[in-house]
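Reader: I have a structure to go through and would like some help reading it. Can we take it in pieces?

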Amino acid sequence: MPNYWLMKSEPDAFSIDDLKKMQRSPWDGVRNYQARNFMQTMKEGDLVFFYHSSCTPAGIVGVATVSKEAYPDHTSWDPSSAYYDPKSTPEKPRWFMVDVEFTEKWPAILTLAELKLHPELADMLLTKKGNRLSVMPITADEWEYINLIAKK
DNA sequence: GCCAACGTTGGC
DNA sequence: GCCAACGTTGGC
């Protein structure tokens, strides 16, 4: 049994179409401890909702699969990177990333507004007010339900 | 562009 | 260890 996740990306920086072109990509730039800790528990084969944030509309646009488990995010010690963190070094990395593989793009975005309409999804971190977590776990029930409404 | 909500930093 | 100030996220 895989575990299920949701990961947010701003499509201007990295979209599901970018992943589709590349097929496989590191998910770098996560600079939040809670999100990092979740990534460190990911296993190869885990399934991920690809979420577009800070855009109109925001929502889930497809699915990716974890293809490599957590390893140090080298952009964190690269001074030329936008994700540079002087407190992270190759000897003592503070930030980690996983690799993901393109799995499917949905025919239409499943918007946050629609997700919020379903009482079945009211317990999700995603639909809660003020939530800013960029990597979060999804229950098997939520995974199944969301796939259902995405494809109806 | 606005602003509410949240996480992090740093002074004490 | 507290908490105010600050910076960032992210929906609208």
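Author: What follows is a short chat about this model and its parts.

Reader: What kind of model is it, and how is it numbered?

Author: This is a predicted model, where local features need pLDDT of at least 70, side-chain atom pairs count only at pLDDT 80 or more, and totals for chains, interfaces and linings use all residues. Residues are numbered from 1 along each chain as its sequence is written, chains are lettered from A and ligands numbered from 1 in the order in which they are written, and side-chain values use heavy atoms, with hydrogens and water left out.

Reader: ok, which domain does UniProt list?

Author: An unreviewed UniProt entry places "domain: EVE" at residues 3–146. UniProt positions are given in the numbering used here, feature names are shortened, and annotations may be inferred rather than shown by experiment.

Reader: How much of residues 3–146 is helix and how much strand?

Author: The chain there is 18% helix and 35% strand. Helices (H or I, at least four residues) and strands (E, at least two) are DSSP runs, numbered from the N terminus.

Reader: Now the DNA. Which residues surround strand B?

Author: Asn32, Tyr33, Lys87, Lys129, Gly130 and Arg132 surround DNA strand B. A residue is near a strand if one of its heavy atoms lies within 4 Å of it. By class, these residues are one nonpolar, two polar and three charged. Ala, Val, Leu, Ile, Met, Phe, Trp, Tyr, Cys and Pro count as nonpolar, Asp, Glu, Lys and Arg as charged, and the others, Gly among them, as polar.

Reader: Which side chains have an N or O atom close to an oxygen of strand B?

Author: The side chain of Lys129 has an N or O atom 2.8 Å from a phosphate oxygen of DNA strand B. For Arg132, an N or O atom of the side chain is 2.5 Å from a base oxygen of that strand. A polar contact is a pair of N or O atoms within 3.5 Å.

Reader: And what is around strand C?

Author: DNA strand C has Lys8, Tyr51, Ser53, Ser54, Ala58, Leu112, Lys116 and Arg132 around it. Of the atoms of DNA strand C that come within 4 Å of the protein, 72% are sugar and phosphate.

Reader: Which part of strand C does Arg132 contact?

Author: A base oxygen of DNA strand C, 2.5 Å from an N or O atom in the Arg132 side chain. Tyr51 has a side-chain N or O atom 2.7 Å from a phosphate oxygen of DNA strand C, and a polar side-chain atom of Lys116 is 3.4 Å from a phosphate oxygen.

Reader: Ser54 was on that list. Where is it, and is it buried or exposed?

Author: Ser54 sits in the loop between S3 and S4. Its relative accessibility is 61%, so Ser54 counts as exposed. Buried means under 20% relative accessible area, exposed over 50%, partly exposed in between (1.4 Å probe, protein chains only). Ser54 also has a positive phi of about 55°, although it is not a glycine.

Reader: What about Pro57?

Author: Pro57 lies in the loop between strand S3 (47–52) and strand S4 (59–72). The peptide bond from Thr56 to Pro57 is cis, with omega near -10°.

Reader: Switching again: what is the phi of Gln23?

Author: Near 70°, a positive value in a residue other than glycine. Gln23 is in the loop between helix H1 (16–22) and S2, and Gln23 is partly exposed, with a relative accessible area of 40%.

Key: Polar contact = N/O pair within 3.5 Å; in protein donor to acceptor, adjacent residues only side chain to side chain.
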